[in-house]
Protein chains: 2
Amino acid sequence: MTAQTSQSVPHKQMANAIRALSMDAVEAAKSGHPGMPMGMADVATVLYSKFLKFDAADPRWPDRDRFVLSAGHGSMLLYSLLYLTGYPEMTIEQVKNFRQLGSITAGHPEYGHAPGIETTTGPLGQGIATAVGFALGERILNARFGDPIVDHYTYVIAGDGCLMEGISQEAITLAGHLKLGKLIVLFDDNGISIDGPTSLTTSEDQQGRFKAAGWDVQAIDGHDPAAIEAAIAQARKTDTPSLIACKTIIGYGAPKKQGSASTHGSPLGAEEIEGTRAALGWNHPPFEIPEDILTAWRAIGQQGAAARQGWQERVDELGSEKREELERVLAGRLPAGFEQAVEAFKKQTAEQKPKVATRMSSQHVIDALAPVLPELIGGSADLTGSNNTKAKEAAIIKAGDYAGSYIHYGIREHGMAAAMNGLALHGGVIPFGGTFMVFTDYCRPAIRLSALMGLRVIYIMTHDSIGLGEDGPTHQPVEHLAALRAMPNLYVFRPADTVETAECWQIALQSEGTPSVISLTRQGLPTVRTTHTAENLSAKGGYVLAEAEGKRQVTLIATGSEVEIALAARDALKADGIAAAVVSMPCCELFDQQDEAYRKQVLGDGPRIAVEAAIGFGWERYLGEKGCFIGMTGFGASAPAPQLYKHFGITAEAVVAAAKARI
Amino acid sequence: MTAQTSQSVPHKQMANAIRALSMDAVEAAKSGHPGMPMGMADVATVLYSKFLKFDAADPRWPDRDRFVLSAGHGSMLLYSLLYLTGYPEMTIEQVKNFRQLGSITAGHPEYGHAPGIETTTGPLGQGIATAVGFALGERILNARFGDPIVDHYTYVIAGDGCLMEGISQEAITLAGHLKLGKLIVLFDDNGISIDGPTSLTTSEDQQGRFKAAGWDVQAIDGHDPAAIEAAIAQARKTDTPSLIACKTIIGYGAPKKQGSASTHGSPLGAEEIEGTRAALGWNHPPFEIPEDILTAWRAIGQQGAAARQGWQERVDELGSEKREELERVLAGRLPAGFEQAVEAFKKQTAEQKPKVATRMSSQHVIDALAPVLPELIGGSADLTGSNNTKAKEAAIIKAGDYAGSYIHYGIREHGMAAAMNGLALHGGVIPFGGTFMVFTDYCRPAIRLSALMGLRVIYIMTHDSIGLGEDGPTHQPVEHLAALRAMPNLYVFRPADTVETAECWQIALQSEGTPSVISLTRQGLPTVRTTHTAENLSAKGGYVLAEAEGKRQVTLIATGSEVEIALAARDALKADGIAAAVVSMPCCELFDQQDEAYRKQVLGDGPRIAVEAAIGFGWERYLGEKGCFIGMTGFGASAPAPQLYKHFGITAEAVVAAAKARI
């Protein structure tokens with residue numbers, strides 16, 4: 001059958017425009033993945049022409065449908081669609097410069113390169129898991145602002161690779177549990193992966209698996225436009241998330257290579273491209289789209305204009321309070337009253353001087369901020385009581401009731417992190433979520449995407465050293481601070497007490513383009529910042545917490561739970577007539593951004609001793625040639641925390657001895 | 001009904017011994033997880049008494065059944081079983097010292113602490129995924145040595161946490177695909193996780209999900225010994241892996257707390273323990289097991305003695321060649337001829353001076369070693385042709401045919417890494433597997449367990465920098481070398497050419513107690529080690545590859561693909577009359593182990609310039625205060641590799657300029 005799109009250009013011609021652009025761009029770049037865009041061109045054409053709510057002229061319209069290309073290697077599918085539908089920045093020159101330096105058409109879709117790229121994909125499984133965050137964000141905002149203002153779908157194209165990754169299981173079971181009915185996944189069921197037919201590696205009943213996760217499941221011929229249209233229409237009606245398994249031929253149209261792994265990740269080659277042109281009846285030069293076809297596509301790009309205008313009118317009709325709140329949260333602006341709330345909290349804390357674990361400090365900060373920051377959406381990967389992430393008053397977000405502000409993510413650290421990326425990308429909310437610090441390893445690929453995309457996602461990572469005690473080395477992070485500090489564009493905070501915890505939270509919330517890991521203790525710590533300052537001292541990354549009495553002979557640098565140890569060492573040294581200063585370093589990345597004069601003043605001229613209950617990798621840059629590091633040299637052990645600190649020699653005595661040996 | 005075990009002690013009393021030890025040990029430690037051992041005591045009792053093939057007197061008997069406590073927080077279940085069945089090292093004193101410094105009874109089971117702990121568990125999902133490696137190792141060795149020699153089951157106890165983790169999906173789909181019929185998972189289906197009832201976080205049809213993965217599935221009352229026995233008997237008959245969902249009550253026996261999250265991760269408390277004793281009819285003091293019960297358990301510990309002896313006789317009857325080969329691979333000894341094969345390869349390479357990517361160098365090494373190392377089991381997470389991991393002659397391991405030596409792991413990086421841990425733990429094979437370097441993030445929790453357990457697992461990580469080019473920042477590792485170097489007990493190798501690649505492979509294979517990551521390029525590199533040395537120069541971690549002509553003024557340190565750049569810089573400096581040496585540093589960890597004199601001699605007295613196409617975090621310790629690092633400062637970009645090196649300033653010119661500015 002031949003479905004018709006607007007302007008009466010046959011469906012196949014519309015889809016072939018995607019195929020031609022994709023194979024030609026990959027050929028020009030001499031690298032890339034033509035197979036997937038050619039295979040999914042029919043599905044994408046139906047989705048964009050019949051369903052996707054968007055307006056190419058205003059690509060950031062907040063209530064647009066989101067389209068996530070989870071199979072990010074097929075980036076030319078997305079770039080073709082953005083060019084064809086007329087997104088202003090996606091010119092034909094950009095398509096021609098696919099995968100070249102400075103172009104917006106990177107090998108994999110990069111968020112921020114161009115509007116219409118809703119999220120960075122490529123690392124498999126991340127797209128579908130991020131999409132859960134989009135769909136959840138939609139429901140949360142819908143509960144707050146109502147159907148007239150927030151009411152959109154999230155569509156995903158995912159391949160075998162995405163669905164074989166473990167993270168996809170966390171994503172689909174979370175989506176199924178929360179009944180995210182407006183999440184629709186189009187599975188490119190082409191039976192091919194890089195190594196060859198998927199039968200080499202999997203025998204899974206993919207549809208059965210989604211059914212077990214509570215999804216609605218359909219299976220169709222992914223080259224039949226009527227079937228695609230009917231399936232998407234049906235999927236939109238369900239109150240559960242939907243999978244549409246689209247049986248497709250990878251590299252559709254390539255006469256000798258279609259259906260084989262050879263189309264997956266390499267250019268087709270001149271001869272095969274010629275054959276494809278013949279097979280598809282596409283007799284146009286590379287990168288030239290006949291005017292009638294381009295016109296038809298451009299019309300699709302404008303289909304949503306009226307809907308967008310209607311939406312704007314409904315927004316304008318909101319009461320001014322509601323409208324301003326909507327605009328504020330969509331813009332990601334913190335509310336008036338935020339800074340005051342932080343300062344009031346700091347002041348009270350400096351007075352009360354609590355002796356609590358910093359995870360509990362964080363709980364107090366959350367409780368103080370939640371009332372002024374309704375956009376704050378908390379959660380934990382099944383460690384709510386341990387991570388102290390749930391604000392006292394927070395209601396639970398659950399299937400069919402999304403008015404709350406707390407998510408029980410389940411034992412799905414990776415899925416949680418990716419969902420938080422999706423929430424942050426969706427906008428209107430600020431996500432934070434907790435697990436144990438050691439399980440940053442489970443989240444790491446998603447944390448990397450937070451950093452690469454520059455998202456305000458806040459990771460609350462508790463039980464951050466051997467100080468967690470008896471759970472032992474499997475649960476004791478020793479290399480995680482270093483491994484996270486190594487990542488570009490990520491703030492790793494390790495506050496020493498409740499005041500610093502509030503300051504770190506403040507910076508994390510104000511950092512719109514940088515995600516944060518806040519590393520927190522299980523064990524109790526004294527308040528070390530006993531004098532209130534309006535200034536956020538942690539914002540400089542490191543600062544002199546306790547200056548030496550007299551001319552400074554040695555500088556003791558510490559983070560988090562070890563600041564207490566450094567202070568005790570300073571006292572002991574003072575008793576022996578040695579003038580030591582203590583530097584608290586809650587965030588190395590911010591300290592490294594300060595000017596040299598400040599850094600020198602803080603670090604001092606004398607020997608420097610750093611103390612942190614973690615391995616020393618990376619600390620050398622602060623120590624100079626006379627300095628030394630006191631911390632871990634290997635994995636931890638299972639025992640009560642005080643014994644472990646002694647056992648591993650992370651004590652004030654050790655700091656004192658090291659200082660004396662160096663002055 | 002009341003099932004009887006040996007000595008006619010009623011089943012319930014046998015199981016209650018586990019419950020009592022578990023709750024009392026947790027109480028004494030003031031921390032731990034009593035709920036799971038109490039809930040699964042019936043299942044474990046049936047498994048150990050009726051099925052598990054083991055001999056407590058010879059706990060390392062190679063053909064024993066493997067028991068993996070994937071829900072590692074329930075460690076007291078395992079310690080109780082080891083004590084009760086009479087494993088020599090698991091004394092009652094050790095049980096009393098649960099979670100204390102120096103005891104073998106860590107908070108979570110730690111491999112190496114005591115025989116009977118087959119693998120370290122605690123990070124959820126790792127146990128079940130590692131068990132896939134055990135079951136696969138059994139089949140591989142069975143194919144080589146036959147039923148009389150290798151024929152055992154792998155049993156797993158897994159909880160909701162394990163099964164919610166994404167890695168479990170990779171594990172169960174791989175096991176289902178490979179039809180690992182002797183893998184039996186006992187699911188502790190207690191409906192409780194830390195945050196509360198699992199209904200808070202999941203609505204999954206767990207049984208349906210396993211069926212979709214090709215598993216045999218049964219569901220039983222986990223407190224009915226006859227049902228447990230029948231189910232395990234049935235599971236052993238299937239030719240697919242089996243799930244037995246055991247409906248249990250967490251904290252079974254605790255009158256007020258059973259069935260609730262409060263039994264999960266905290267001691268029951270004195271009052272509740274008293275109530276439990278009454279409810280269970282267990283009127284014995286803490287840590288005292290009545291003699292009849294202990295005798296019955298000890299008899300179970302000896303049940304396997306005859307089977308073990310029969311096995312030993314069958315081994316003795318093998319021809320001497322076969323027997324010696326069996327003993328060799330089980331002991332993990334490399335064969336005679338191994339060193340010669342490496343040396344011959346190195347010699348030939350130094351003569352032929354190939355210009356190839358180091359991933360291709362690694363391919364050549366694998367091809368050279370595979371004939372002498374039949375225990376080498378390769379694989380890739382769907383990147384076989386990119387990782388160059390498949391030896392030319394290697395046959396594929398597949399369902400029903402395990403005689404090969406190569407595994408298509410599918411797009412399951414994390415599952416692959418954990419399965420390799422299981423293969424290494426099983427013994428008799430040496431696993432290696434590949435993916436892209438950037439996806440070490442996906443494997444990281446399992447790599448950490450390789451390191452923590454000290455396993456000879458070899459990670460072949462290709463496409464190791466911006467040198468991969470057009471795939472862009474999502475695929476370009478920049479922080480991964482640092483993040484891996486931060487991990488204790490892990491060798492991170494980055495060879496510069498084919499000779500170094502062979503040397504790094506040699507060290508990795510000889511390192512029985514340390515896993516290795518071998519970081520390899522996508523792009524071609526010249527041979528820099530053009531003079532053959534019998535000595536493995538890479539074994540010192542770093543060495544002077546090209547000494548300065550005349551008195552050394554500056555030292556250029558590089559790894560992998562940047563050694564070529566350093567050599568070019570040396571030439572340019574020489575032309576300007578500046579004497580520079582080039583140090584190749586294929587393994588920082590090994591270099592750091594050398595004595596100070598050697599390290600000083602290699603690094604030299606002058607300024608040091610390090611060049612690596614990655615971020616500089618961690619390099620400061622080699623640079624001194626005058627040194628500098630040339631590399632990345634943030635994420636990469638999508639473009640052809642040569643343009644990227646120029647764009648990011650990682651060039652010989654930059655090295656020359658830095659050197660000139662410093663001398």
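What follows is a conversation between a biologist and a modeller about a predicted model.

Biologist: Let's start with the sheet in chain A. What makes β10 (406-408) and β13 (491-493) of chain A edge strands?

Modeller: Each of them pairs on one side only. The sheet is open and has six strands, in the order β10-β9-β11-β12-β14-β13 of chain A, with parallel pairing. Neighbouring strands there are turned by 20° against each other on average, direction ignored.

Biologist: How do you know that strand β9 (residues 376-380) of chain A pairs with β10(A)?

Modeller: Two strands count as paired if there are at least two bridges between them. Three bridges join β9(A) to β10(A), and these strands run parallel, so the pair meets the rule. In one of the bridges, G379(A) has I407(A) of β10(A) as its partner.

Biologist: And what packs on this sheet?

Modeller: Helix α17 (residues 413-426) of chain A does, touching β9, β10, β11 (430-436) and β12 (458-462) of chain A. The direction of α17(A) makes about 165° with that of β11(A).

Biologist: Over to chain B, then. How many bridges pair strand β2 (residues 154-158) of chain B with strand β3 (residues 183-189) of chain B?

Modeller: There are five, in the parallel sense. The rule asks for at least two, so this pair qualifies as well. Y155(B), for instance, has I184(B) in β3(B) as its bridge partner. Both strands belong to an open sheet of five strands with the order β1-β2-β3-β7-β6 in chain B. Its edge strands are β1 (66-69) and β6 (216-221) of chain B, and the twist averages 15° from one strand to the next.

Biologist: Which helix lies across β1, β2 and β3 of chain B?

Modeller: That is helix α5 (residues 126-145) of chain B, running at about 175° to β2(B).

Biologist: Now the interface. Why is the pair of R444(B) and D441(A) called a salt bridge?

Modeller: The closest N and O atoms of R444(B) and D441(A) are 3.0 Å apart. The cut-off is 4 Å, so the pair passes. In general, side chains of opposite charge can pair when their charged atoms come close. Between chain A and chain B the count is six salt bridges, and the rule for polar contacts finds 47 residue pairs across that interface.

Biologist: Which helix gives the most to the side of chain A that touches chain B?

Modeller: Helix α18 (residues 440-453) of chain A, with eight residues. By class, that side of chain A has 36 nonpolar, 36 polar and 22 charged residues. The contact takes 94 residues from chain A and 94 residues from chain B. Together the chains bury about 7,700 Å² between them, 59% of it on carbon and sulfur atoms.

Biologist: One last pair, then. What makes K256(B) and E271(B) a tie between parts of chain B?

Modeller: Their closest N and O atoms are 3.3 Å apart, and with a cut-off of 4 Å the pair is therefore a salt bridge. K256(B) sits in the loop between β7 (242-247) and α10 (270-280) of chain B, while E271(B) is in helix α10 of chain B, so the pair ties together parts that are 15 residues apart in sequence. Over all chains, the structure holds 64 salt bridges.

Notes. Residues numbered from 1 in each chain as written. Chains lettered and ligands numbered in written order. Predicted model: local features only at pLDDT ≥ 70, side-chain atom pairs only at ≥ 80, totals over all residues. Heavy atoms only, no water. Helix = DSSP H or I, 4+ residues; strand = E, 2+ residues; numbered from the N terminus. Axes fitted to C-alpha atoms, helices over the stretch in contact; angles between N-to-C directions. Contact = heavy atoms within 4.5 Å. Buried area = accessible area lost by both parts, 1.4 Å probe. Salt bridge = Lys/Arg side-chain N within 4 Å of Asp/Glu carboxyl O. Polar contact = N/O pair within 3.5 Å; in protein donor to acceptor, adjacent residues only side chain to side chain. Nonpolar A, V, L, I, M, F, W, Y, C, P; charged D, E, K, R; others polar.
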